[in-house]
Amino acid sequence: MTDILEHQLLKSLKSHFGYDSFRGQQQTIIENVLNKKDTLVIMPTGGGKSICFQLPATIFNGLTLVISPLIALMKDQVDGLNANGIKAAFYNSSQQSSEQQHIIEQVLNKELKLLYVAPESLSGLENILKESQISCVAIDEAHCISSWGHDFRPSYQQLGFLKQQLPNTPIIALTATADKATRQDIVDQLKIPNADQYISSFDRKNIELEVRPADGRAKQIIRFIEKNPGESGIVYCLSRKNTEQIAKKLNENGINADAYHAGLSFDDRSRVQEDFIYDKTQVVCATVAFGMGIDKSNVRWVIHHNMPKNIEGYYQEIGRAGRDGLEAKALLFHSYADVIQLQKFAQGASNEAVQMAKLDRMKQFSEATTCRRKILLSYFGELLGDNCGNCDVCKNPPKFFDGTVLAQKILSTIYRINQTEAIGTIIDILRGANNANILDKQLNGVKTYGIGKDTSWNHWQHYIIQLINQGVCEIAFHKNNALQLTDFSHKVLFDGQKVFVTTPVEFKKESKATAVK
Ligand code: ADP
Ligand code: ZN
């Protein structure tokens, strides 16, 4: 990159956006786009994705087409750009046809730098979808293309035609959702297999991670708050009723707390939100409706009274703590009743399998015996070299023993049934179960059938989850959660690679970590 271009980029950053320097990988991404290369950007919310396509748009000769699913937000974004002296407009179904015609004329007259379009409105733009007009296509919220993403939009699935129609126009796809399957699906469907991928770190080192069994959680929450007097925090709950119950309990214990959920009036919600932002209320007990768009830098802790339904949600919610970069805590209560409740919610959903798979990952995180941050980050495709030192597992490591033989029993079962079955069936085979599923599929003939009778079902589950968390085997969410072998499995089966696992801990009433004061 020449100094001249760098100078030009910084100048544009300052004049159009008012900033003095780029954040994270912004500059490299922008250079890649300006070099007309397809680009995939994974950056956490608030990371600064917009500038990655807005700044190149100011430099390209032609139009940058921005595909966005959020019609409601388009106007704000366009107003913001125009206020910064960048000619932009939006085109969607909320407009009259005369208005739409006017926009098309503006494009044909090369008056616009950016045009925001809802995917379903693209069909109205046929006569401007030419390489002579369009310099770049940005696809915002790109995870919407994938039914593996958490916010699938069918209208995103037709976007593959863009690359076919505009083979020489760079596409930049952006999202904050980064699991591997979704990423792969995005580049496949957009037909940009060679896109350069820029994955920003999702690590929030200042947030201490902890998971505790949910026994007596109300009492535990009260003790936690008493130990951190005066510090702002959010207690996330599963139901509206929960938020009110917990807030009431906290009040009864002299803690300044409010409830927040979508069932409250607009005025009540605004009041709770403002009182929290201005430190008049110390604690808000809320459903996940709370927090979006709230910019409060000194939230010191986030407690999950109930387990979130997926890691994306969990990550987003704990991310509201410690935005000032100072020490913060995230405490999650893990209960099997919650897991079952969440499974019920997912049942019958159009993407039930996806929701269940995501819930499983959340459950594995909660049951982890290895560094939790490693698991969290690996979910977003990021590999942490060392253990973090700032999670409960790192601080209080469980005791390990040589579980190589156990692992070999599990892996050879997976191997012998051609990697086609999920955890439950693998355990049933190991334990020699006689249920209909086993008999129907004639799994009682598998060589390892019944070799693990002496180990309980729950213990097998505990061991398998650890193998998954260590990468010794993996779950194929796309294949009914079937357990699959990895390169690591082959080493364990054939190359003498040892595996260490922890002794299962029986569910304790009051674990050491909870015995506060
Ligand atoms: P995202 O789309 O990734 O959620 P945005 O693009 O909305 O994030 O950016 C989040 C905030 O960060 C915005 O207020 C934006 O103006 C600001 N921002 C982006 N880039 C920079 C930068 N280089 N320096 C300072 N602030 C920035
Ligand atoms: Zn750790």
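A residue counts as buried if 20 or more other C-beta atoms lie within 10 Å of its own. Keep that cut-off in mind for helix α17, where Thr425, Ile426, Ile427, Asp428, Ile429 and Leu430 are the buried residues. Welcome to this structure, which is a predicted model. The chain has a mean pLDDT of 90, and the predictor gives the complex an ipTM of 0.97 and a pTM of 0.62.

**Confidence**

- Residues with a pLDDT of 70 or more make up 96% of the chain.
- Among the elements of the chain, strand β12 (residues 301-304) has the highest mean pLDDT, 98, and helix α12 (residues 336-346) the lowest, 85.
- Over residues 507-517 the pLDDT falls below 50, and this stretch has 14 contacts in the model beyond near neighbours in sequence.
- Where pLDDT is low, the predicted coordinates should not be read in detail.

**Around ligand 1**

- The residues that surround ligand 1 are Tyr19, Phe22, Arg23, Gln26, Met43, Thr45, Gly46, Gly47, Gly48, Lys49, Ser50 and Ile51.
- Sorted by class, this shell holds six polar, four nonpolar and two charged residues.

**Helix α17**

- Six of the eight residues of helix α17 (residues 423-430) are buried, so the helix is largely enclosed by the rest of the structure.
- Its buried residues pack against three helices and a strand: α16 (404-416), α18 (436-440), α19 (457-469) and β16 (482-485).
- After α17 comes Gly432, which has a positive phi, near 65°.

**Nonpolar cores and strand β12**

- The largest nonpolar core has 53 residues, and Val235, Val284, Cys285 and Val302 have the most contacts inside it.
- Strand β13 (residues 328-334) gives the most to this core, with five residues.
- Apart from that core lies another, of 51 residues, including Val33, Leu55, Leu81 and Ala138.
- Leaving out residues up to four places away in sequence, Val302 touches Gly233, Ile234, Tyr236, Glu317, Ile318, Arg320, Ala321 and Ala330.
- His304 lies in strand β12, and His304 is buried because 25 other C-beta atoms lie within 10 Å.
- With the same sequence neighbours left out, the contacts of His304 are Tyr236, Tyr314, Leu332 and Phe333.
- From C-alpha to C-alpha, His304 and Cys285 are 9.7 Å apart in space, while 19 residues separate them in sequence.

**Strand β4 and its partners**

- Strand β4 (residues 114-117) is covered on both faces: Leu114 and Tyr116 are buried on one side, and Leu115 and Val117 are buried on the other.
- Strand β2 (residues 63-67) pairs with β4 in the parallel sense over four bridges, and Thr64 has Leu114 as its bridge partner in β4.
- Strand β3 (residues 88-91) also pairs with β4 in the parallel sense, over four bridges, and here Tyr91 has Val117 as its bridge partner.

**Two loop residues with positive phi**

- Most residues other than glycine have a negative phi.
- Lys36 has a positive phi, near 65°, and sits in the loop between α2 (26-34) and β1 (39-42).
- Lys36 is partly exposed, because 14 other C-beta atoms lie within 10 Å.
- Asp279 also has a positive phi, near 60°, and is found in the loop between α10 (266-277) and β11 (283-286).
- Asp279 is exposed, because 12 other C-beta atoms lie within 10 Å.

How values were computed
Residues numbered from 1 in each chain as written. Chains lettered and ligands numbered in written order. Predicted model: local features only at pLDDT ≥ 70, side-chain atom pairs only at ≥ 80, totals over all residues. Near = placed C-beta within 6 Å. Nonpolar A, V, L, I, M, F, W, Y, C, P; charged D, E, K, R; others polar. pLDDT = per-residue confidence, 0-100. Contact = placed C-beta atoms within 7 Å. Core = buried A, V, L, I, M, F, W, Y, C linked by C-beta atoms within 7 Å. Pairing = 2+ DSSP bridges.
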